[in-house]
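Colleague: Please take a close look at the loop you flagged, and then carry on to the ligand site and a few other positions. I would like one connected account, with the cut-offs stated as you go.

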Amino acid sequence: MTNTVDIAPIGLLSGKVVFITGASRGIGAAAARLFAAEGAAVVLAARSTEALQKIVTEIRAEGGVADAVTLDLADRASIRAAVDRVEELHGRLDGAFNNGAAIQQPGPLDTTSDEDIDQQFAVNFRSHWTAMTAEAALMRRNGGGAIVNTSSIGSRRANPALPAYGAMKRALNSITETAAVSWGRDGIRVNGITPGGTATEMMKAWEADTPGIIERVTAAIPLGRMAEPHETAQVAAWLLSDRASMVTGAIVPVDGGAGA
Ligand SMILES: NC(=O)c1ccc[n+]([C@@H]2O[C@H](COP(=O)([O-])OP(=O)(O)OC[C@H]3O[C@@H](n4cnc5c(N)ncnc54)[C@H](OP(=O)(O)O)[C@@H]3O)[C@@H](O)[C@H]2O)c1
């Protein structure tokens, strides 16, 4: 069973410039399409330049405003350069969806490799710290903005299958809350989302390594199915919008009830 509800855009993000990482596929690509349809000028970032350009072309064909910037989340300079590119393009930043991440090689704590721990630290945690500070500096120049970080249901409890991933996502929740408290007076709201099982390449990669995981994840979701990427993007869109003007420091589950 999939979600087929067709939701008409209402201009939720009209007039806003929004930067999106992990925009080449999955939740980030769905977010880029949705935010543009909701009136935002979007800047898409990831490593796969061709995939980004394809989405940019589609959005422009629909009358939207979109650009792509190649970005490696493992490289701090690359992240700062991407935010600089947003400034060059638009001179401002109103919203940022820090969503890109990599899955680790699934396996127990004892056998998680040093390389995996380092990669999870750099790509899934440190990148968001670097991105948020660069984004906040640009947002402050126009009186503030909103940031949404994609964490995971895997951050909420012990995570024996993906221990480094879970730890970095929990650390991300911490800096999300800290940034919300630190930057509230600057007019910058910072929130997180914790998706549960979502039908993307990341779940396919996990399934390829651990056959049966999609079935087990789905069985634990009270709504009885995984999320479609656009459903997760809807929550980020609302958090980035002015409708969420009093929401900051929240870590919002988007998991069909799996964490309840
Ligand atoms: N799918 C789920 O069930 C699920 C559940 C909980 C949380 N999440 C979270 O949701 C977010 C989106 O994941 P998804 O499911 O949409 O996964 P996905 O389809 O694998 O997409 C991941 C995105 O992150 C980008 N990325 C990965 N490594 C990068 C790097 N080093 N530099 C720049 N970009 C990088 C990828 O782009 P390139 O490869 O082109 O660089 C891609 O656009 C992630 O934060 C993930 O942890 C997903």
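**From one loop to the ligand site**

Modeller: G143 is found in the loop between α4 (114-140) and β5 (145-150), where helices (H or I, at least four residues) and strands (E, at least two) are DSSP runs numbered from the N terminus. This is a predicted model, in which local features need pLDDT of at least 70 and side-chain atom pairs count only at pLDDT 80 or more, while totals for chains, interfaces and linings use all residues. Residues are numbered from 1 along each chain as its sequence is written, and side-chain values use heavy atoms, with hydrogens and water left out.

G143 has a relative accessible area of 56% and therefore counts as exposed, the classes being buried under 20%, exposed over 50% and partly exposed in between, with a 1.4 Å probe and protein chains only. The C-alpha atom of G143 is separated by 9.1 Å from that of D94, although the two residues are 49 positions apart along the chain.

The helix before that loop, α4, holds S127, which at 1% relative accessibility counts as buried. The side chain of S127 reaches the backbone oxygen of V123 at 2.6 Å; a polar contact is a pair of N or O atoms within 3.5 Å, where within protein one must be able to donate a hydrogen and the other to accept it, and residues adjacent in sequence count only if both atoms are side-chain atoms.

Turning to the ligand, 29 residues surround it, and the closest are S24, R47, S48, Y165 and T200; a residue belongs to this shell if one of its heavy atoms lies within 4 Å of the ligand. By class the shell has 11 nonpolar, 13 polar and five charged residues, with Ala, Val, Leu, Ile, Met, Phe, Trp, Tyr, Cys and Pro taken as nonpolar, Asp, Glu, Lys and Arg as charged, and the others, Gly among them, as polar.

Ligand oxygen atoms have polar partners in several side chains: one is 2.7 Å from an N or O atom of S24, a polar side-chain atom of R47 lies 2.7 Å from a ligand oxygen, and the side chain of K169 has an N or O atom 2.9 Å from a ligand oxygen. Taken alone the ligand exposes 880 Å², and the protein buries 96% of that, the areas coming from the Shrake-Rupley method with a 1.4 Å probe.

The ligand sits in the largest pocket, in the sense that more than half of its atoms lie within 2 Å of the pocket's grid points. Such a pocket is an open set of points on a 1 Å grid over the protein atoms alone, with protein on both sides within 12 Å along at least five of seven lines. The elements that give two or more residues to the shell are α1 (26-37), α5 (163-183) and α6 (201-209), and α6 gives the most, with three.

Two further positions complete the picture. K16 lies in the segment before β1 (17-21) and at 14% relative accessibility counts as buried; K16 and F35 are 19 residues apart in sequence and 9.3 Å apart in space, C-alpha to C-alpha. L223, in the loop between α7 (213-219) and α8 (229-240), counts as exposed at 55% relative accessibility, and its C-alpha atom is separated by 25 Å from that of L240, 17 residues away along the chain.

Key: On a 1 Å grid over the protein atoms alone, a cavity is a set of points where a 1.4 Å probe fits but cannot get out, and a pocket is an open set with protein on both sides within 12 Å along at least five of seven lines; lining residues have an atom within 4 Å of a point.
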